[in-house]
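Let's take a walk through this one together. Have the sequence and the 3D view open side by side, and we'll stop at a few spots along the way.

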Protein chains: 2
Amino acid sequence: MSNITKKVSWSSRGDELGPVGEGTPLLNGSEQPRHSRQFSEGGSLFQIDRLSTVDLEEEISAEEESARGQPKEIPHNSKLLSLKYESLDYDNSENQLFLEEERRMSFTGFRCLEISRWLICGLIGVLTGLIACFIDIVVEKVARYKYEAIKQNIERFTEVGGLSISLILWAVLNFSFVMVGSILVAFFEPVAAGSGIPQIKCYLNGVKIPRVVRLKTLVIKVCGVICSVIGGLAVGKEGPMIHSGAVVAAGVSQGRSTTLKKDLMIFEYFRRDTEKRDFVSAGAAAGVSAAFGAPVGGVLFSLEEGASFWNQMLTWRIFFASMISTFTLNFFLSISHNNTGDLSNPGLINFGRFESENLNYNLYEIPLFIAMGAIGGVLGALFNFLNYWLTIFRIRYVHRPCLQVMEAMLVAAVTASVSFTMIYFSNDCQPLDSEHAEEYPLQLFCADGEYNSMATTFFNTPEKSVRSLFHNQPGTYNPLTLGLFTITYFFLACWTYGLAVSAGVFIPSLLIGAAWGRLCGIWLASLASAGSIWADPGKYALIGAAAQLGGIVRMTLSLTVILVEATGNVTYGLPIMLVLLTAKIVGDYFQEGLYDIHIKLQSVPFLHWEAPATSHWLTTREVMSSPVTCLNRIEKVGTIVDVLSNTSTNHNGFPVVVQVSENDEPSKLCGLILRSQLIVLLKHKVFVELAGSRLTRRKLQLKDFRDAYPRFPPIQSIHVSQDERECLMDLTEFMNPTPYTVTQETSLPRVFKLFRALGLRHLVVIDDANRVVGLVTRKDLARYHLGKHGLEELHLAQT
Amino acid sequence: MSNITKKVSWSSRGDELGPVGEGTPLLNGSEQPRHSRQFSEGGSLFQIDRLSTVDLEEEISAEEESARGQPKEIPHNSKLLSLKYESLDYDNSENQLFLEEERRMSFTGFRCLEISRWLICGLIGVLTGLIACFIDIVVEKVARYKYEAIKQNIERFTEVGGLSISLILWAVLNFSFVMVGSILVAFFEPVAAGSGIPQIKCYLNGVKIPRVVRLKTLVIKVCGVICSVIGGLAVGKEGPMIHSGAVVAAGVSQGRSTTLKKDLMIFEYFRRDTEKRDFVSAGAAAGVSAAFGAPVGGVLFSLEEGASFWNQMLTWRIFFASMISTFTLNFFLSISHNNTGDLSNPGLINFGRFESENLNYNLYEIPLFIAMGAIGGVLGALFNFLNYWLTIFRIRYVHRPCLQVMEAMLVAAVTASVSFTMIYFSNDCQPLDSEHAEEYPLQLFCADGEYNSMATTFFNTPEKSVRSLFHNQPGTYNPLTLGLFTITYFFLACWTYGLAVSAGVFIPSLLIGAAWGRLCGIWLASLASAGSIWADPGKYALIGAAAQLGGIVRMTLSLTVILVEATGNVTYGLPIMLVLLTAKIVGDYFQEGLYDIHIKLQSVPFLHWEAPATSHWLTTREVMSSPVTCLNRIEKVGTIVDVLSNTSTNHNGFPVVVQVSENDEPSKLCGLILRSQLIVLLKHKVFVELAGSRLTRRKLQLKDFRDAYPRFPPIQSIHVSQDERECLMDLTEFMNPTPYTVTQETSLPRVFKLFRALGLRHLVVIDDANRVVGLVTRKDLARYHLGKHGLEELHLAQT
């Protein structure tokens, strides 16, 4: 137990506790007997693997810095809940300082703040749009060079033989790009891997994921996604935009960058979790908006993932950020496409305009759509299932950065080879059509004036392939091509997701779905009489794409709106909804959504919308951590330092009581103080001398707390002399005198509702005389979930 | 004070209190000295006009029934807050009965409940769609007869003279329809007047508006809206759909109808405010969806107006209801239009398909759009300003049903005359075009093969006129026609809104806006070089329509999405957003939105999203009602009856304490019980006899409470004998043992957040020893608002 992490967010519990700090009056050390009525038992209560790399929103000591390059070992068992994640504080600590500031502020002051918020949201939108624009232009230009080069090479060698040289050229090009991207991610910022959507989901849910909104993460994410898309992996550049937008928002709203060591001294009011999280919501929305040209979808995404409480003005601001983002992207892309000022094609991905005659659908098609939704659900569940086991394999065996880079390079080479092989052996030749011209038509072994149809799907960026599948004329693809493509791309995409590269899963999912959807369309058309237009393959490609994506990510309302906005036409709203609903129901029967799987594998204490249905059995008494480390309103500095230094508990919030009693009896609650506040107080040595109060000391202001936010120094870095240990600290002014409380009899769903709706971090449990008897934190609530055999309790782990 | 209403929702306060009931230990009778720092003082604290017609979710006594036909006199001063409105209870009363039931329920049980919820939402969607379909078909058919008849008449008299006969025919037809509609509304169900959107906003906000979700209201609303649209008033049939959807939802979800005296014995679990409100949200969304073909817009409308807390499954269900509703409408309309199964044109109003070449907009048009938004804001504020004074005039002088009917008839006649005059004196003749054929082209004095252009706007249902303005070829209207039309229709619409007829303001607003928007387009096109397509008048008509509607109703996100969905194309999303944002900012500078004005004029205690910005000065101590009427855990029946019968207080929630002390000292909180629960207990005589508990009495179940919901009998109808008065009642099992509490020091914004986020009705204020010192209810929080001179406090009124 000695190598326990320095910064475990929540109180530890169970019987494996380390020595209790001397100065700590009450500790969450012993656990009360628990009424475990129907919980599964199994596995040790604790599973401590190794020293976790500390929460890096904190200062990082040199020793930890060296360990950072290494991947974190995460528990293999998804039935664990990690204690290493801290919670965000969405509830303002309304202490005297805060109230004084708010009361000093005039109405004009509040209006100025509101205007700043709008300004920041505008800025977030502009920057997110620019980043999207940058990614898009770079990818497009470099991909063009790459494909042109390979195309020329292939053309040269098609006649004379020696296409293996082309294959090698292709593989090596992909290989190199992916290597660069993978090295950046694996060695410099592992949190930039993947799409970042699970991380942003967690952040918006209220979990502090270390380093997730850092500038460095953004830079590596952007470079990484460019490399992996150009590297020809089965990935999209859209997912990472959400993460990028969030980072931009977190940076802009704080008016400073710790990475660049630059403080602009503006927007200081927004330096707290409450405000920051609102802006991060706006950033995520702006990211979605830039990625899919879906401003409304972006707002809904943010709300679905993050909103504790719907606030009209906040929503409207988020919408503004989204709008500006898509507008900026649109405008700059129109310039780069020499079409300045034409703003009708927003978004990185655009599904293209569906022609009116293909748009209509008929009543008898609804069951077909639903059936396709079910297929999407099954295929999505299969995808998630394979990826789940692959991820566990990776956690166990591929956890060194160099192994991760090698795996990424292997995938790149395999992707190139498979693509090449598929194209090589395909004999699906189509006449070159001037109207729907392919960008890189490969003639290969086709007759003159024809091109290889398989190559349109593999030999292009995935975004372009999706558009081809949606819009190419009926008859452009033959069924065998589509079938083979679906199967290979399915496995490639599944293998790719979770690699140490920055990349999204949206576009590959859409591509797989579009391929089998088009296949369905062709099959249906062959059943119908000739010349019938109802089974337009493009339409079925769209439905298939929606079904596959829905089956994999299981998003609901927001995804519907995103897809509708990306098609640019609301006529398909209804079928897309039905398809997504079916895909979700069918998929949920087998497996959770992909993002939820990855969140679970990281053992993040994620709070869902409601407490599990059958949790009325539980009351706060059984759920809470108890006993609680309390502090006196006027407390000895030594005691505070000891409590904070106690590595075995590492609480972040301490109820302040009137007088801690000697015999561990509970005493009356009078406030709540956070670790971060105590640290700042200690740093500024706000002590009352024993001989009498030293009146000369500077009065601490809210600004001091804000300056320290969000990377409060660890307690170890604060030196307190032996004399000072004997001083007293008066917490009255700094504690939150009105924390939310519940009683021990409150049922779990009720506590859950309060906690979730208000975005709390600590909820004090009191008895009938207002005495502190326990504390409820995120992990206490996230622990319970509905398993196959009723209510299950996750085990807490330090890693 | 003797004629005070029987059912005033909240505790009254101030110095005008009536005699205090003997058995009441503590009463909210006297008011504590209040720190009124910057509140405006002026006007009497109470303004009691007359006996208010009681909350009709309760049983109605014969005397009140007779008074119901008469309009309620509402306070003329918008700085009042009425005490007559009750609050909804969005927080479950988690008493022992409830917990026992929840604990008995297996996981399968919860799953069945969830399936029922989906079923109900589907049913809500189908029924709402059918109602919309019914309204649409009836209006279309009857309007066709009407316009054909008038057209033939006009054609007959154009040559021979005597057009005054046509005018009289037109006026009389309108007159009669409006009379029927108006009599229905004014005499039978005044709450069915208007669009119902303000009422639904209030309901979703948590205010119980009497009779608003009754079946009778629905029937009268549907008939009324048909009459007023056919009667040629400047109204739309879309707004009332929202109300209709809500009534359908409230009815279906309860599985019974009190009006029809039919209880299907299903969905009993949903007989409480929490569940009912969720369904009403779904119903309102389904209504929006059916009206505008905007399922996503409907969901957003419900969330903007109603969501305390965003729940993913709930949102998804609401979406389902919306989807089914638009689908049903679509399907049945396609049948009635002999185009069975074509589902591409959802919604009562459809803006028609915008052609691709008109769709594009360019960067330099953005400032033009913003300017139009500003114009819309100014015109909207003017509209609201005029309507505000008109409404006050109506409240003062037009409050008898017969006067209301006469006013409506007058408006109908004036509308017909003005329309006729405008058409008569217009000399804007346009050639008959076979492509964009008008439905009722009036030749009048035009040459053969031409038609009167003014008649296309006036001589049609407003929905059709909007479409004509959007889609007719450039040059169809001359500027003078449009200008005159805008002015006359503006005043007609303004006069019409607030009449005692069922009708919406959406379509008239769109029509006004489309007219001046098209005017702008024509003007801009004349500035540009000839042949330029950029200033397509249809495009500017759309922007103008958005600006005008936004300026009047000031909805934000939901309105954007509704308009985007109604145009069927997301390309205009950006400009519409910008326009709505500008219109809202400009409009808010002058005046509130139309719905908010009407809510304010009704003195409804409406809770906004956040507490006023500068309200950190206030703490719970100053806000709460105190002292509070408390009950003992084991209380004498006589005391309870006395407390409930006390007409001067009429509290609805009572903190239960361990032991009420003799000298009004606060005592320890142990629960909270509602008036409705006590009524049920008294009705079932759940008494403990003094000689010992009578063990034979039937154990009360949750079902007994549900059966009584929502119309709990008044206390007067319950007979308690003198013997029984001496019995005791044990409240332990029935009270909510874990009510949410706050301390006296909590700031107003903090209390507000808790109250609003959890949808509470009563919030108990305790001191540091858990003793009850006050109670916060809706009116305590809704009282404070930000006026021109800082924070203002509304006065409480009994009416």
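Start with B:Glu365, which has a relative accessibility of just 1% and so counts as buried, since the cut-off for that label is under 20% relative accessible area. Keep in mind that you're looking at a predicted model. Where does B:Glu365 sit in chain B? You'll find B:Glu365 in the loop that links α11 (356–359) to α12 (366–397). And which residue does its side chain pair with? The side chain of B:Glu365 makes a polar contact of 2.8 Å with the side chain of B:Tyr540.

Now swing over to chain A and look at its surface. A:Leu123, A:Val126, A:Leu127, A:Leu130, A:Phe332 and A:Ile335 together form a nonpolar surface patch of about 430 Å². Two helices of chain A, α3 (107–160) and α10 (312–336), each give at least two residues to this patch. The largest share belongs to α3(A), with 4 residues.

Pick A:Leu130 as one of the patch members and zoom in. This leucine lies in helix α3 of chain A. Its relative accessible area is 34%, so A:Leu130 counts as partly exposed: that label covers values between the buried limit of 20% and the exposed limit of 50%.

Last stop, further along chain A. An unreviewed UniProt entry lists residues 735–793 of chain A as "domain: CBS". In the model, that stretch of chain A is 27% helix and 37% strand, and the C-alpha atoms at its two ends are 33 Å apart.

Terms used. Residues numbered from 1 in each chain as written. Chains lettered and ligands numbered in written order. Predicted model: local features only at pLDDT ≥ 70, side-chain atom pairs only at ≥ 80, totals over all residues. Heavy atoms only, no water. Buried < 20%, exposed > 50% of the residue type's maximum accessible area, 1.4 Å probe, protein only. Polar contact = N/O pair within 3.5 Å; in protein donor to acceptor, adjacent residues only side chain to side chain. UniProt positions renumbered as here; feature names shortened; annotations may be inferred. Patch = residues over 30% accessible without salt bridge, like charges linked within 9 Å, V, L, I, M, F, W, Y side chains within 5 Å. Areas by Shrake-Rupley, 256 points an atom, 1.4 Å probe, with all protein chains shown as cover. Salt bridge = Lys/Arg side-chain N within 4 Å of Asp/Glu carboxyl O.
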